[in-house]
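Work through the two exercises below with the sequence and the model open beside you. Each task is followed by a solution in steps.

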Amino acid sequence: MLFNPFSLTILFFALISLVIALCGGLAALRGLKNRHTLLDRKMDLLFLSASIFLTARLCSYPFFYVALQSFVKDIEGAMCIYGVTQVIPNLCGFLEIIKPIIFFFTGGWLILHYLTRQCKIESLFLKKLIFFLFISFLVIIDSAGDLLFFLMMNSDTTVRCCTLPLDSPHRLSATICKQLLGRHYEKPLFFIYYLSNFILAGGAWYALLAKKSGTKQDRQKRPFILIFILGLINFFITGLAMFEIIAPRMMHLPYHHCPYCLLQYVPDSFIILGLFMLGTFGLGWTFGIKIVTINEDTAGKLTFPLNRLYLFSISSLIISLAMVTFHLFL
Amino acid sequence: MKFSIIIFAILFLMCVFTWITPHREKDKPPGCSLDGSEIHPLYEVIITPLDKMPKSFAGITNARIWFKENVKQTFSIMVTDEASGKKIKAKDAFYVLSNVITSAYTGNRIHVFTEKKKSPVPHPAV
């Protein structure tokens, strides 16, 4: 076992999360069983506790990578976080996939809870409860995974780091780019990266303006589904661009395609990636809340706060793009 | 108004970080031209493209990966004799594949020597 202050913090938090998520999940199940008590004070208390706990839980996602970074010097052969992930690759891969999913759903629930409290909408109580039950289930799995991973982490394993798999000409991102754009894909991919981000930001801005100016019927037809799909496509394109062109250029290592090394060599890449994720997730949160409230009579009350969320998402995406541009051209 | 202040603060932080990072990079010691890792003097490989600045690599494996991407250019390649630490031309060196790993993070097992008799491990040359 390998312990340091970061891993001990994660272990402690994972244990607390597991217990709280189990209790919260059971309380939510009881609430679902006795629906006539849905608006009781106990449910209010459950949601209040859940919002505090889940807000703290949001921080566990970036802290996971901070903890992995702290292990780099202790693992033989590890040069960056990628090397640390190779100690227990399958479990770490699973955690790396589930954590952003939990972040997305947790953020969505917190925003929904905050907005419904601000706007005093009680008709969404049942949907919030079901949503919370689902998140509790995910948090239980994630916490158990964290406990297992950090208890099994050891310094006895020698690993191979990122150079061979991620700088090989046969790496997955290069293969996908070659299939889609041909052998000389760098310049087209660079162009598509900027085009995709501009289309997404522009489309979201258009949808925002359409919200403000249209009638109620027009607002119903806002292209928020299209924006959500554009957001997913942009996420995929930006991911490819990050591996293939942005990370190598920002690190001034044109043949090194490791995003974990980017976090090491370019300190503000955390901010760039964080803003991009918040921007993309923000569009997803808006879409999700629209879907959840689509048949509610009180959906109109959420229009103004959702507009602000949309604006926040557009700003985050543009700032992330601007920071990348500064790095590449200054 | 509040929102504008937040946006301005984010833009300001963005500019500060963007300004700080290039300055910090100048203080960083030069590493491998492929992946930025620390170069051990005994395993250094130097590739000099024609009329360009020489590039240093942490080992044979790193140099090979870089070389595959730039095979069409003309180079002079210098490798390091592990016995003496001297730089020699790549075509004059002997290469030995052994079980001893020079660099844990790439798993490189190719060793470089000036003379065949100095190669400690009786394996066929690569």
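**Exercise 1: a helix and a sheet in chain B**

Helix α2 (residues 60-69) of chain B lies across β1 and β2 of chain B and runs at about 20 degrees to β1(B). This is a predicted model, in which local features need pLDDT of at least 70 and side-chain atom pairs count only at pLDDT 80 or more, while totals for chains, interfaces and linings use all residues. Residues are numbered from 1 along each chain as its sequence is written, and chains are lettered from A and ligands numbered from 1 in the order in which they are written.

Task: in what order do the four strands of the open sheet in chain B lie, and which are the edge strands?

Solution. Begin with the central pairing: β1 (residues 45-49) and β3 (residues 75-80) of chain B pair in the antiparallel sense over four bridges, and B:I47 stands opposite B:I77 in β3(B). Strands count as paired if DSSP finds at least two bridges between them. Next, extend to the whole sheet, whose order is β2-β1-β3-β4 (chain B) with antiparallel pairing. The edge strands, each pairing on one side only, are therefore β2 (55-57) and β4 (87-89) of chain B.

**Exercise 2: the contact between the chains**

Task: how many residues does each chain give to the contact, and which element of chain A gives the most?

Solution. Count residues in contact (C-beta atoms, placed from the backbone, within 7 Å): chain A gives 27 residues and chain B gives 20 residues. Then assign elements: α14(A) gives the most to the side of chain A that touches chain B, with five residues.

Definitions and conventions:
Two residues are in contact if their C-beta atoms, placed from the backbone, lie within 7 Å. Helices (H or I, at least four residues) and strands (E, at least two) are DSSP runs, numbered from the N terminus. Axes are lines fitted to C-alpha atoms, for helices over the stretch in contact, and angles run from 0 to 180 degrees between N-to-C directions.
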